[in-house]
Amino acid sequence: MPLQVKEIATKIFDRIALSQYPYGTRIPAERDLAEEFKQSRATIRHALDFLAAYDVVVRKPGSGTFVSYQAPAPAEAVAASTVTSAGYPTISQLAETASPFAMNIAGSIIEPEMVRLATIYMSSRDIAELAQQVAMLETVVTEADTFAALEEGFMMIIARGTHNSLIVAMYAILHEVRRHPQWAASRREMLTPARIRNNQHLFRSLYNAIERRNVETAVELITLHVSSTHETMIYES
């Protein structure tokens, strides 16, 4: 796919991920987008067709293009906030008091086992959803916020792929702590274009291992990712 088309598709997805184009709404017409991006309508059409191929938008002849992408985070956010409500620390309190070391320990315990179970138990539908998510991850060039949101979605698909509601709930708490502004700002700083490219390669390899049901390789890859991410987080804290 030409870089120009890829960049425009990524910019449009940015707006969808940030709810500038909310779920179910009609996005601007091709001619308006062509004028805004100073590109031909054919280029805009290719970008929208690319997004449609991954179920981010749906094209309705005669009606326009509508947003069909829904990030998985809101439902898990509700679950995570209620889990901590009976006298336990709230998500905000956990985010404000957790150290990088504590985050490292939690991630290193939960994520490898989560990936191991998902590699064994993910259904064909789960793997297809994961394939779409990694394809979207690979469209990002420099947009740290977009990449972080897609990475979160990728890992939550894996969590749900365990088909273990307790693991999903536990990971949702860790997921929400990472979304707290204090941690989100640090993650944005870490996601340089070079690191985005490295993570894209790693997530593609992780997907391939899961799709092949290669448990050992999948666990090795996520362990490498956890170690790399948290070493950088501790170093920059």
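These legends accompany close-up views of a predicted model of one protein chain.

**View 1. The whole chain sets the scene for the close-ups.**
The protein chain holds 12 helices and two strands. Reading from the N terminus, the elements follow the order α-α-α-β-β-α-α-α-α-α-α-α-α-α. Of its 237 residues, 46% count as buried. Among contacts with a separation of 6 or more, 71% join residues that are 24 or more positions apart.

**View 2. The largest nonpolar core brings together 60 residues.**
If you would like some residues to start from, Ile12, Leu51, Phe154, Ile158, Phe203 and Leu206 have the most contacts inside this core. Helix H8, residues 144-161, supplies the largest share of the core, with 10 residues. Zoom in on Ile12 and, beyond its neighbours within four places in sequence, you will find it in contact with Tyr21, Leu33, Phe37, Leu48 and Leu51.

**View 3. Arg15 of helix H1 meets Glu36 side chain to side chain.**
Arg15 sits in helix H1, which covers residues 3-17. Is this arginine, Arg15, buried or exposed? With a relative accessible area of 17%, Arg15 falls under the 20% limit and is therefore buried. Its side chain makes a polar contact of 2.4 Å with the side chain of Glu36. Setting aside neighbours within four places in sequence, the residues in contact with Arg15 are Gln20, Tyr21, Leu33, Glu36 and Phe37. Three of these names will be familiar from the previous view: Tyr21, Leu33 and Phe37 are also in contact with Ile12.

**View 4. Helix H2 has a buried side and a side turned away from it.**
Helix H2 spans residues 30-37, and its buried residues are Glu30, Leu33, Ala34 and Phe37. Why do these residues line one face of the helix? Looking down the axis of H2, the buried residues fall within an arc of 105°, so they share one face. The general background is simple: an α-helix has 3.6 residues a turn, so residues three or four places apart point the same way. On the face of H2 turned away from the buried side, you can pick out the exposed residues Arg31 and Glu35.

**View 5. Helices H2 and H3 pack with their axes 9 Å apart.**
Helix H3 runs over residues 41-53, and the angle between H2 and H3 is about 110°. Angles of 65 to 115 degrees count as roughly perpendicular, so that is how H2 and H3 stand to each other. From H2, the contact is made by Glu30, Arg31, Leu33, Ala34 and Phe37, and from H3 by Arg41, Ile44, Arg45 and Leu48. Between these two helices, in the loop, lies Lys38. Lys38 is not a glycine, yet its phi is positive, near 55°. At a relative accessible area of 72%, Lys38 is exposed.

**View 6. Glu30 of helix H2 makes a polar contact with Arg59.**
Glu30 belongs to helix H2 and is buried, with a relative accessible area of 13%. Which side chain does the Glu30 side chain meet in a polar contact? The partner is the side chain of Arg59, at 2.9 Å. Not counting residues up to four places away in sequence, Glu30 touches Arg41, Ile44, Arg45, Leu48 and Arg59. The C-alpha atoms of Glu30 and Thr65 are separated by 8.9 Å, while the two residues are 35 residues apart along the chain.

**View 7. The loop between H8 and H9 holds Thr162 and His163.**
Helix H9 covers residues 165-179. Thr162 is buried, with a relative accessible area of 4%, whereas His163 is exposed at 53%. Not counting residues up to four places away in sequence, Thr162 touches Met114, Leu117, Ala118, Tyr121, Ile167 and Val168. Thr162 and Val115 are 47 residues apart along the chain, with their C-alpha atoms separated by 7.8 Å. His163 is worth a look for its backbone: phi is positive, at about 55°, although His163 is not a glycine.

**View 8. Lys11 of helix H1 is paired here with Val140.**
Lys11 is found in helix H1 and counts as partly exposed, at 40% relative accessibility. How far apart in space are Lys11 and Val140? From C-alpha to C-alpha the distance is 9.0 Å, and in sequence they are 129 residues apart.

Terms used:
Residues numbered from 1 in each chain as written. Predicted model: local features only at pLDDT ≥ 70, side-chain atom pairs only at ≥ 80, totals over all residues. Heavy atoms only, no water. Core = buried A, V, L, I, M, F, W, Y, C linked by side-chain atoms within 4.5 Å. Buried < 20%, exposed > 50% of the residue type's maximum accessible area, 1.4 Å probe, protein only. Helix = DSSP H or I, 4+ residues; strand = E, 2+ residues; numbered from the N terminus. Contact = heavy atoms within 4.5 Å. Polar contact = N/O pair within 3.5 Å; in protein donor to acceptor, adjacent residues only side chain to side chain. Arc of directions from axis to C-beta. Axes fitted to C-alpha atoms, helices over the stretch in contact; angles between N-to-C directions. Parallel < 35°, antiparallel > 145°, perpendicular 65-115°, else oblique.
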